[in-house]
Amino acid sequence: MAKNGVFMRLDKLVSSQLYGVSRADVKKLCLKKKVSVNGKLMARSDVKVSTEDEIYIDGERLVYKEHIYIMMNKPQGVVCSTKDGGSRTVLELVPEKLRREGLFPAGRLDKDTEGFVLITDDGELSHRMLSPKSHVPKTYFVRLEKPWQESYKDIMAEGMIIEGDNGKEKCLPAEFTGSEDSEFECTLVLHEGKFHQVKRMFGTLGNKVIFLKRTHIGGLALDEKLALGECLEIMHKDVEKLLTC
Ligand code: URA
């Protein structure tokens, strides 16, 4: 057995990593001689193993990960929630090989907004990413109904006041950049996440968002090769970029 790592029961470790595989299933797999640890077939599933042990299930290596971080390119028409209220949820789009218990979308995009959604089972990272105190930037590509105005830059940089159901709300300074190629397109970097914030900011200026896509969370860009509805696992070295300001 490995000397390092976290020690836990084999059935607990395996079922935490594989979606839809219960502890009872791991027991059955052991009885069928499908589970090996460090080259030894395991007859019992209640033994303690290390997260650094070399575990194979039915010939496939299982590399333990405490948490998983999934980048999704959310399509329109899908909701960022864990429960199905009639619409498809982002969780339904996660492919089986990336699924595990406890996944949730860290932050919300509107049903008609596309782009980067982080799906994870790491509550602590999610909290750090979304906490109003952390100010992690989120970047949006915006297409407007009417041409953008030069004045937007200073107005947004000052911190706009927007109307909401709870009266007026003061926004943190945001960075507006008009596109050089189109008078209808721009990018906006927000350091907070108020309800419908991008739409409300442009609405306050008498304009209307007709297309919205989140392109970055912190310093991590949505992978351009990711088609709408597709996911990829964010590698360990990139996870901290989600929090960079
Ligand atoms: N702002 C919005 O208006 N909608 C989103 O989905 C995200 C930010």
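This briefing covers the overall build, the ligand site, the nonpolar cores and several single residues of one protein chain with a bound ligand. The model is predicted. The protein chain holds six helices and 19 strands, and its C-alpha trace spans about 70 × 35 × 35 Å along the principal axes. Helix H5 (residues 197-204) recurs below: the largest share of the shell around the ligand comes from H5, and H5 is also among the elements that give two or more residues to the largest nonpolar core.

**Overall build**

- Of the 245 residues in the protein chain, 44% are buried.
- The protein chain exposes about 13700 Å², and carbon and sulfur atoms supply 51% of that area.
- Among contacts between residues at least 6 apart in sequence, 64% join residues at least 24 apart.

**Ligand site**

- The residues around the ligand are Leu109, Asp110, Thr113, Tyr140, His196, Gln197, Val198, Lys199 and Leu212.
- By type, this shell divides into four nonpolar, three polar and two charged residues.
- H5 contributes three residues to the shell, the largest share.
- The side chain of Asp110 places an N or O atom 2.7 Å from a nitrogen atom of the ligand.
- Two backbone approaches involve H5 residues: a polar backbone atom of Val198 is 3.1 Å from a nitrogen atom of the ligand, and a polar backbone atom of Lys199 is 3.1 Å from an oxygen atom of the ligand.
- The ligand taken alone exposes 240 Å², of which the protein buries 95%.

**Helix H5 and the residues beside it**

- The buried residues of H5 are Gln197, Val198, Arg200, Met201 and Phe202.
- Val198 belongs to the shell around the ligand and also to the largest nonpolar core.
- His196, another member of the ligand shell, sits in the loop between S16 and H5.
- His196 has a positive phi of about 50 degrees although it is not a glycine; most residues other than glycine have a negative phi.
- His196 is classed as partly exposed because its relative accessible area, 31%, falls between the 20% and 50% cut-offs.
- Just after H5, Gly206 takes a positive phi of about 80 degrees.

**Nonpolar cores**

- The largest nonpolar core has 34 residues, and those touching the most other members are Ile119, Val142, Leu188, Val198, Met201 and Phe202.
- Elements giving two or more residues to this core are S7, strand S11 (114-120), strand S12 (138-144), helix H4 (151-158), strand S16 (185-190), H5 and strand S17 (209-217).
- Another core, of 16 residues, lies apart from the largest one and includes Met71, Ile217, Leu226 and Leu243.
- Beyond its neighbours within four places in sequence, Phe202 is in contact with Val142, Leu144, Tyr152, Met156, Phe176, Cys186, Leu188, Asn207 and Val209.
- In soluble globular proteins, nonpolar side chains tend to be buried together.

**Asn73**

- Asn73 lies in strand S7 (residues 69-74).
- With a relative accessible area of 2%, Asn73 is under the 20% cut-off and therefore counts as buried.
- Leaving out residues up to four places away in sequence, Asn73 touches Gly115, Lys213, Leu222, Leu226, Ala227, Leu228, Gly229 and Glu230.
- Among these contacts of Asn73 is Leu226, a member of the 16-residue core.

**Ser87**

- Ser87 is found in the loop between strand S8 (78-79) and strand S9 (88-89).
- Despite its place in a loop, Ser87 counts as buried, at 18% relative accessibility.
- The side chains of Ser87 and Lys111 are joined by a polar contact of 2.9 Å.
- Apart from residues up to four places away in sequence, Ser87 touches Gly77, Val79, Glu92 and Lys111.

**Asp25 and Lys33**

- Asp25 lies in helix H2 and is partly exposed, with a relative accessible area of 27%.
- A polar atom of the Asp25 side chain lies 2.8 Å from the backbone nitrogen of Ser22.
- The C-alpha atoms of Asp25 and Gly85 are separated by 31 Å, the two residues being 60 apart along the chain.
- Lys33 is placed in the loop between helix H2 (23-31) and strand S2 (35-37).
- Lys33 is not a glycine, yet has a positive phi of about 60 degrees.
- Lys33 counts as exposed because its relative accessibility, 60%, is over the 50% cut-off.

Notes. Residues are numbered from 1 along each chain as its sequence is written. Side-chain values use heavy atoms; hydrogens and water are left out. Buried means under 20% relative accessible area, exposed over 50%, partly exposed in between (1.4 Å probe, protein chains only). Helices (H or I, at least four residues) and strands (E, at least two) are DSSP runs, numbered from the N terminus. A residue is near a molecule or strand if one of its heavy atoms lies within 4 Å of it. A polar contact is a pair of N or O atoms within 3.5 Å; within protein, one must be able to donate a hydrogen and the other to accept it, and residues adjacent in sequence count only if both atoms are side-chain atoms. Accessible areas come from the Shrake-Rupley method with a 1.4 Å probe; for residues, only the protein chains shown count as cover. Ala, Val, Leu, Ile, Met, Phe, Trp, Tyr, Cys and Pro count as nonpolar, Asp, Glu, Lys and Arg as charged, and the others, Gly among them, as polar. Contact means heavy atoms within 4.5 Å. A nonpolar core is a set of buried Ala, Val, Leu, Ile, Met, Phe, Trp, Tyr and Cys residues joined through side-chain atoms within 4.5 Å.
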